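Biologist: I'm new to this one, so could you pick a single part and take me through it slowly? I'd like to know what it is built from and what sits around it.

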Amino acid sequence: MMMTFNSEDVFVLSASCKTTKGANRSILVDYSRRDIHVISNQYFDLIQTLDRKKVNSILQLIDDESKGYFQEFLSYLLDNEFGFITQNIDLFPAISNNINDELIILKDCIIEIDTETFDESNFINTIKQIDQLKCDDLMIKFLSDINKEFVTTILTIINKFDIFCVELHCASSNNIIEKEWQDLIERFAPLSKIFIYASEKTEKTDYTIYRENHAALLIGNIYYIETPLNSNNCGIISQDSLSLNDPNLHNLLKKSNGCLYKKLTIDKLGNIKNCLYIEESFGNTKNNSLASVVNNKEFQKKWFINKDEINTCKDCEFRYNCTDCRAFLTNPNDEKSKPLKCGYNPYTNVWENWSENPLKNL
């Protein structure tokens, strides 16, 4: 049955839906339901033409033979609540796609720690500088054997500052039992995730607090991972790694890098880098301030290598839902080469997932 439209009927694509055009097909992502829907490139073009326009004015541009397909696709959009019809477009102003993060100097930081080279006073100074840069997210990578006392020392230092979220990644945890990890999660509010590598099996355990007359409260997760903590776990791009949570990320990835944007890493020797697995260094924590490095235009260059500039990625329909990797490239001599560990071919639309992904089944 053909739909009829009032002369003032306007189609509006939902603000929670985003579309991306690839080499030979497109996707519509419904972020409210975390769903991906594959559509043809022709229907992608139609959505761009139709969005926030009067339906009848678009119908007049379509030949009689194609009107049925138009109506069928519009019904598909409306039935799945990807959009709606209104006669008063002023009630639904378009949401800006601009990302207002100019005041955020640094989004996240990764620090490697080896007990043999650890310098506590230098670590305290480093955390102080990270706090001054208003960085909320901190990942600590323990490369050597640790015990609860040492981890407590690290977390006590961090806890004196305003860092919002802390993750621990441990090469092993033979000296710390799960109950002790739970005690640390409960004691230190920023600590929410602990990853323990070289474990006997891959599994996730939730640490939930139960108190009388209160709802159960999940305060942290412990991930046990069979693979070792090394570069093999970094840069893997698979179906499981696609982000479907936040439509703002779609906008952010149009202008910036999915992995390195406003990120800073510090290796076990104190070398300051964009990524732990990129050789280029921008000084050392012992003689360089983090602020001077973060504000260095050369350091920031990789922040803005976006998917529309990367070979192959620029033709991929998943590019605005995808992370990135500039450390492991198909062509190491080309900084805009496709990530080596990406399992997708946008020209055949075939996924070949990387089995090395340690978090695939968690």
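Modeller: Let's look at the second largest pocket, keeping in mind that this is a predicted model. Sorted by class, its lining has eleven nonpolar residues, eight polar ones and four charged ones. That lining is made of 23 residues, and the ones nearest the pocket's centre are Leu13, Cys17, Lys18, Asp51 and Asn97. As for room inside, the volume comes to about 580 Å³.

Now for the walls. Strands β1 (10-13) and β2 (17-21) and helices α1 (41-50) and α7 (247-252) each give at least two residues to the lining. Helix α7 has the largest share, with four residues.

One of those elements, α1, deserves a stop, and Asn41 is a good place to make it, since this residue belongs to helix α1. Is Asn41 buried or exposed? With a relative accessibility of 13%, Asn41 counts as buried, because the cut-off for that is under 20%. Its side chain reaches the backbone nitrogen of Arg25 at 3.5 Å. If you skip the neighbours within four places in sequence, Asn41 is in contact with Lys21, Gly22, Ala23, Asn24, Arg25 and Ser26.

While you have the model open, let's swing over to another helix, α5, which covers residues 148-159. Helix α5 has twelve residues and spans 16 Å from its first C-alpha to its last, close to the 16 Å expected at 1.5 Å a residue. At the N-terminal end of α5, Asn147 acts as a cap, with a side-chain oxygen 3.2 Å from the backbone nitrogen of Glu149. Along the helix, Phe150, Val151, Thr152, Ile154, Leu155, Ile157 and Ile158 are buried. The elements covering these buried residues include the strands β7 (108-113), β8 (137-142), β9 (165-170) and β10 (191-196), along with the helices α4 (120-132) and α6 (178-187).

Two of those neighbours, α4 and β8, are joined by a loop that holds Lys134. Here the backbone does something to look out for: phi of Lys134 is near 60 degrees, a positive value in a residue other than glycine. Most residues other than glycine have a negative phi. Lys134 is exposed, with a relative accessible area of 60%.

Asn349 also has a phi near 60 degrees, again positive and again not in a glycine. You'll find Asn349 in the loop between β15 (344-345) and β16 (350-351). At 22% relative accessibility, Asn349 counts as partly exposed.

Conventions. Residues are numbered from 1 along each chain as its sequence is written. This is a predicted model: local features need pLDDT of at least 70, side-chain atom pairs count only at pLDDT 80 or more; totals for chains, interfaces and linings use all residues. Side-chain values use heavy atoms; hydrogens and water are left out. The expected span of a helix is 1.5 Å times one less than its number of residues. Buried means under 20% relative accessible area, exposed over 50%, partly exposed in between (1.4 Å probe, protein chains only). Contact means heavy atoms within 4.5 Å. A polar contact is a pair of N or O atoms within 3.5 Å; within protein, one must be able to donate a hydrogen and the other to accept it, and residues adjacent in sequence count only if both atoms are side-chain atoms. On a 1 Å grid over the protein atoms alone, a cavity is a set of points where a 1.4 Å probe fits but cannot get out, and a pocket is an open set with protein on both sides within 12 Å along at least five of seven lines; lining residues have an atom within 4 Å of a point. Grid points are joined across faces, edges and corners, and a volume is the space filled by probe spheres set on the points. Ala, Val, Leu, Ile, Met, Phe, Trp, Tyr, Cys and Pro count as nonpolar, Asp, Glu, Lys and Arg as charged, and the others, Gly among them, as polar.
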